[in-house]
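Biologist: I am new to this structure and would ask for a close look at a single part of it. Please take the side of one chain that touches the other, and set that part within its chain.

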Amino acid sequence: MGLMKYLVRRLIYMIPLILGISIVVFMVMYAAGDPIQIATAGNPSITEAQRQFLREYYGLNDPLPVQYLRWLDHFLHFDFGKSLYGGKPVNEIISIYFWETLKLQLVSIILAFAISIPIGIYSAVKQRSWFDYLFSGISIAGVSFPVFFLGIIFILVFSYQLGWLPSAGAHGAPQLWPVFGIQHPLLDELAHLVMPATVLTLAGLAYNTRLLRAGMLEVLRQDYIMAARASGIPERRILFKYALKNAIMPLITLLGMSIGFAIAGAPATETVFSWPGLGRAYVTAASRLDFPLIMGITMIITIMILVANLITDISYAAIDPRISID
Amino acid sequence: MVRLALRDRVNSEAQERRSASQWAVAWRRFKKHKSGLFGLGMIVALVLVAIFHSFIAPYPARPDPGAFSPLYEGEAGQPPSWKHPFGTTIMGTDVFSELVHGTVYTLYVAIGTTLIAMLITVVVGISSGYLGRKVDDVLMRITEVFLVFPSLLLILVFARIYQLVNPEPFWNVLGISIPVNLTMIVIIVAVFAWAGNARVIRGEVMALKEKEFIQAAKSLGAGSRWIMLRHIFPNILPQVIVIATLTMASAVLIEAVVSFLGFGDPNTITWGRMMEESFQDMSTTWWAEVFPGLAVFFTVLAFNLMGDGISDALNPRLRE
């Protein structure tokens, strides 16, 4: 009962947030000037009458509040309008790219989370050992390394120099990428996934281990850990049952945030690997100022972030019984 | 009146003595922090390169970033050599020279973004934390909006719109030409870089507010503004310095991404812009791609190491 009430309250609370963000984005874009003028600037053969027709078609002649309300009405019916380039419905474009981004991001987020736990714990337990120094060094370097640059290095080494892996795309075209001489759609997909997923995993890993190590160091100093040790509870049980549960909280927050933001794709990383995902689609849309598409992607991502935050908050209560959701 | 003036003098003297020794202690601790010192050293080197860039770079900066005249005499696409330490691009520009000239823009981005972002962070954090109630409510709702904004996406749209508006390329301020478009990117990045930190500062301020010395100042009749400026601010300064250093790191990183994606200032050659220009040809002239990338990496690393060092030095709790 408490959970349902909490959920409803949080969902109602989201409404002004979503409205506010959509108004801000909408105003910014339409303050930029006439989107039709921008979109057709490179086309010398277009006439003013044709431009006028396009403005009428996209409803750009109405006052701004009317345009916004119409957008909102369509948004409530899950309709983001049509792209200014090619006229494809925004929904269709998003649904094409969404799954490729989700596939890439889910793999990397899960891997980064799973690998960081043993490294973070061991670094904290063996503080100031060679293991700790090594991984602390690697993780601060990893936090500082531009993710897209890591992708570039991977392409230079593994694609151009060694020729092991494909440098671009999510699927082999026109022919499949041979893995050990075997051409199979599944192997082809894996071969394309390896590099971008590894790059994103390494980037996430650097943040996660730093956070978990700091959390573990803090927790291991607490009195209740000493009490647990004094009562002869096995070290492994202390680490995983008593210490980790408290140290992992900031990591869960980060995980929740990164799932939301991951839907945005990493625009630069996707561009480097020519990954057919939302991030790269967004970069293209932004460089052409394709407003309906920009609006659509921004809103989808904002909603994803809000939902991820909500799930994070609920999972707090599941992990830590002291936190009550009411 | 006399008593008031006396109180102020005693107050400020005591504060100076205390803070001087506090900073001296922090500096002593920082000096023992090897990686922090290493970061500081790299930043100092970067600043020196930026100041003397026209003496250090063997070739002048491109007079017009759209044209590629400086070196185009059969020297295009050269691998690293004694003459061109980092090689030349496919367009015939010297990578080392452009990196050296680019330090100025990198520092401009780091410092400019951080100044603006920290101003917002500190003002929002302190007023929200100290004044509480209505002010806190309003400011925190605004902060939440900025926290859920997918900021990079909006930065790209802003940057692109500004590219198309195509203003005058440079402002001339006291004989220094300031790139207008890059300044806009600095402002946009800063506007999206304060929300998380403002929450941290708010938390600190809320804890400070309950301390005896603040209560004492209040009972002596000090106003809110006086307390916030003279008592709260000096006490959160260590935290502010750490956050500022880390903000510099992320500002450099974000500008590199924005420029690499082609949304940067068309009139300046930043490191990210160099990476964008060489990306298509990187299978042949890898040096033109890798050296700017390494420059970004080492700069961000330097700020991060310095930030870690300062944080350890100022926060005794983390020392053990």
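Modeller: The following account treats the side of chain B that touches chain A, and then the surroundings of that side within chain B. The model is predicted, so local features need pLDDT (the predictor's confidence in each residue, from 0 to 100) of at least 70 and side-chain atom pairs count only at pLDDT 80 or more, while totals for chains, interfaces and linings use all residues. Residues are numbered from 1 along each chain as its sequence is written, with chains lettered from A and ligands numbered from 1 in the order in which they are written.

Chain B comprises 12 helices and 2 strands; helices (H or I, at least four residues) and strands (E, at least two) are DSSP runs, numbered from the N terminus. Their order from the N terminus is α-α-α-α-α-α-β-β-α-α-α-α-α-α.

The contact draws 31 residues from chain B and 34 residues from chain A, where two residues are in contact if their C-beta atoms, placed from the backbone, lie within 7 Å. On the side of chain B that touches chain A, at least two residues each come from α5 (133-148), α6 (151-165), α10 (224-260) and α12 (287-314) of chain B. The most is given by α12(B), with 9 residues. By kind, the residues of this side are 23 nonpolar, 4 polar and 4 charged; Ala, Val, Leu, Ile, Met, Phe, Trp, Tyr, Cys and Pro count as nonpolar, Asp, Glu, Lys and Arg as charged, and the others, Gly among them, as polar.

Leu156(B) shows contacts in both chains: Val283(A) and Ala286(A) are among the residues it touches, as are Val258(B), Leu261(B) and Phe263(B), not counting residues up to four places away in sequence. Leu156(B) and Val252(B) also touch the most other members of the largest nonpolar core, which has 139 residues. Such a core is a set of buried Ala, Val, Leu, Ile, Met, Phe, Trp, Tyr and Cys residues joined through C-beta atoms within 7 Å. To this core α10(B) gives the most, with 16 residues.

Of the 320 residues of chain B, 42% are buried, a residue being buried if 20 or more other C-beta atoms lie within 10 Å of its own, exposed if 12 or fewer, and partly exposed in between, with C-beta atoms placed from the backbone. Gly87(B), in the loop between α3 (53-56) and α4 (95-131) of chain B, counts as buried because it has 21 C-beta neighbours inside 10 Å. Among the residues that Gly87(B) touches are Thr285(B), Trp287(B) and Ala288(B).
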